[in-house]
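Thank you all for coming. Today I would like to walk you through one structure, and I will ask you to keep it in view while I talk about a helical span and then about aromatic rings.

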Amino acid sequence: MAGGGCCPSMDLFRSEPMHLVQLIIPMESAHRTISYLGNIGLIQFKDLNADKSPFQRTYANQIKRCGEMARKLRFFKEQMNKAGLSPSAKPTSRPDIDLDDLEIKLGELEAELVEINANSEKLQRTYNELMEYKLVLQKAGEFFHSAQSSATAQQRDLEARQVGEGSIDSPLLEQEMFTDQSKQVKLGFISGLVPKEKSMAFERILFRATRGNLYLKQSVIEEPVLDPASGEKVEKNVFVVFYSGEKARSKILKICEAFGANRYPFSEDLSKQRQTIEEVSGKLEELKTTIDAGLVHKDNLLNSIGHQFEQWNLLVRREKSVYHTLNMLSIDVTKKCLVAEGWSPVFASNQIQDALHRAAVDSNSQVGAIFQVLLTRESPPTYFRTNKFTSSFQEIVDAYGVAKYQEANPGVYTIVTFPFLFAVMFGDWGHGICLLLATLYFIIREKKFSSQKLGDIMQMTFGGRYVLLMMALFSIYTGFIYNEFFSVPFNIFGPSAYECRDPSCSNAATVGLIKVRDAYPFGVDPVWHGSRSELPFLNSLKMKMSILLGVAQMNLGIILSYFNAQFFGNHLNTWFQFVPQLIFLNALFGYLSLLIVWKWASGSQADLYHVMIYMFLSPTDDLGENQLFVGQKTLQLVLLLLALISVPWMLLPKPLLMKKQYEERHRGQAYTMLQGADSESYDMEQEHGSHGHEEFVFSEIFVHQLIHTIEFVLGAVSNTASYLRLWALSLAHSELSSVFYDKVLLLAWSFNNVIILIVGIIVFVCATVGVLLVMETLSAFLHALRLHWVEFQNKFYEGDGYKFHPYSFASLGEEED
């Protein structure tokens, strides 16, 4: 929520002041009151019935009803998805629907839809069975017709040969075949369809079961058919099995059942076959018409549901959340009112009271709700009012830990420091422009993307679009400082300050350079790129710059710890944590930063490594050629002494003074509290979060302070070294970019071949996008994240708070539990 209107201006440095409020709401206006409070979304209710199970609470039946209605709505949505329909994006502007009427309507619609589905399924199954029957009639009819034609032709041929050549030499068997008709065996047959993938196994099992006493004929169906049982398309074969005897028939029927083969009756008579095919075709047409009419009716019903689906879904979700909240309230002994407790921002008091008044008026309640503030020692939740720009930066901080109530929020500084440290590692204004264009695409199409359901990676990228925007802008800025455009330097801000000694030299790598004019006005002079001194110069520049940035940010963290101590009135932290930490860090690394700046300004050749090492090993020795200014040796002795003093300063006084304060505070603990006016407020404080007097264990406090001191002393060294990652990643990014430009693009250009040049450009683009714009972006992002979480925030940020989660209809999830 951005500041504006009724709310004060947004302030991210401290979380919003909160107070614990108590609401006493009459039963007749309770539902409307909670609904109105859900609309404004500025109160976080406490569960006053935590000891009760969900089934023992007052409004368990209403929640069960809402859950059942939500189930019916999910069923409607599934049916719409199957039908390829989608609910209307915007709820129709209709008057409010009563929950009881909606429950009845949803029940009627579900019953109608279930009946339509059952009838449609039954009709579709019958249709699929008739389609299979038709295929069996066609394929088996073709087989019988060809078999009968072949048998008739053979019989005529045999009869003709028997008449023409009938003699004593004729085979006896042939004569018997045509003379003894009583000895011919009558064969039975079974026809149907079997899945193609099972046809070979089906054939083998049949032959084994009947020991080969059958004849099987299969015909492949060109297109898959809908299976009546599953409703899915399956490739099948039409089969006809000829057998002899009832035993063989029973075996074949069992095998057909085991293989899922559908059997259909078939007549040998050709006229009956034709008649059956005509009947089946007629039934298919009737069923097709009926099924189509049913689908049209179902689509019309789903369309009518779709127009009101979002409205119904929103109503059910709201009602369920209202009853969930009502179950968190306790019932007064008179059972005439509900008592609610919750956290709310101080600025929201007027809005909450206004909502209570409107709910009482709209409910025609004779008694209004009572609003009062409770005194408590319980820590309030943390609430920062953010907008779409600042929310993603706040999420970066919250991922480390939610700020304690009203402690200094690093999110304010993260808005600038996070993208800047990223850009120090990613400095290239060509790459920055590419990142900026990609980010602008997300920002321009913001409304479209926010209304769509995106994938995990896409959603994360879109959510951090403004972080990416700042990262891109700062990358362009640092790219101008480094003077790198895809590793290529440009004379953007004027001519170079250096020229070759020899006018005939072709590039800066041949001979030394001389300074002929004023320094390059902004950033690195382009003449350094490609020279023999490029790497030593840039290494020295970026390494020293990393130390300066690191010491500056760590000092900012320590200064913020001072503001925290002052805000919470903790003077021990001011004098025995902030002051010694500031002295220790700056006596060592603040002094190093001073030497770096002094060396840059004076042009001295002093070795700073030697200065810092011998400051500890031989503090009294002369500096010799490493002396930068008069009195440096004395200053180093003073700073070293201050650094040594600051360690026990951090360690010893704070635990001893805390022990003394504890003893003074509880010196009168054994005395009984006087009964009087203050006893009631004392009881209230005890009830609302006062946990009494906690035991003070000096050894634990001392060990904790010892760990904290050691952590800071060692961390001052390791954290400063950790900032050197800025130098390392910046160098790696620059070198990778240079390699891709020199060894891919320029190499392809040198061949003077169009095909090789095109291939080189494609490889260069892919390498730049894949490695530098994706992997390097992610790498620099993670390193900047670590610098903020570990090196910066551990100087002052406790992060042991908990977020403010107000009851709000705007934050209702799309899926129900």
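Let me begin with residues 99-126, a span that is 100% helix and 0% strand, with its end C-alpha atoms 40 Å apart. In UniProt, an unreviewed entry lists these residues, 99-126, as "coiled-coil region". Please bear in mind throughout that this is a predicted model.

Turning to the rings, the structure holds 43 aromatic pairs. One of them is formed by F13 and Y413, which meet edge-to-face, at 6.3 Å centre to centre and with 85° between the planes. This pair links distant parts of the chain, since F13 lies in the segment before β1 (18-26) while Y413 belongs to helix α10 (residues 411-425), 400 residues apart. F13 is partly exposed, with a relative accessible area of 22%, and Y413 is likewise partly exposed, at 25%.

A further pair, Y59 with Y323, is tilted, with 5.7 Å centre to centre and 35° between the planes. Because Y59 lies in the loop between β2 (44-45) and α2 (60-82), and Y323 in helix α7 (residues 270-326), the pair ties together parts that are 264 residues apart in sequence. Are these two rings buried or exposed? Y59 is buried, because its relative accessible area of 12% falls under 20%, and Y323, at 12%, also counts as buried.

Ring pairs also build a cluster, whose members include W429, Y477, F480 and F764.

Finally, two charged residues sit over rings: R14 lies over the face of F567, 4.2 Å from the ring centre, and the charged end of K404 is placed over the ring of F568, 4.7 Å from its centre.

Terms used
Residues are numbered from 1 along each chain as its sequence is written. This is a predicted model: local features need pLDDT of at least 70, side-chain atom pairs count only at pLDDT 80 or more; totals for chains, interfaces and linings use all residues. Side-chain values use heavy atoms; hydrogens and water are left out. UniProt positions are given in the numbering used here, feature names are shortened, and annotations may be inferred rather than shown by experiment. Helices (H or I, at least four residues) and strands (E, at least two) are DSSP runs, numbered from the N terminus. Rings of Phe, Tyr and Trp (its six-membered ring) pair if their centres lie within 6.5 Å; planes under 30 degrees apart count as stacked, over 60 as edge-to-face and the rest as tilted. Buried means under 20% relative accessible area, exposed over 50%, partly exposed in between (1.4 Å probe, protein chains only). A charge sits over a ring if NZ of Lys or CZ of Arg is within 6 Å of the ring centre and within 35 degrees of the ring normal.
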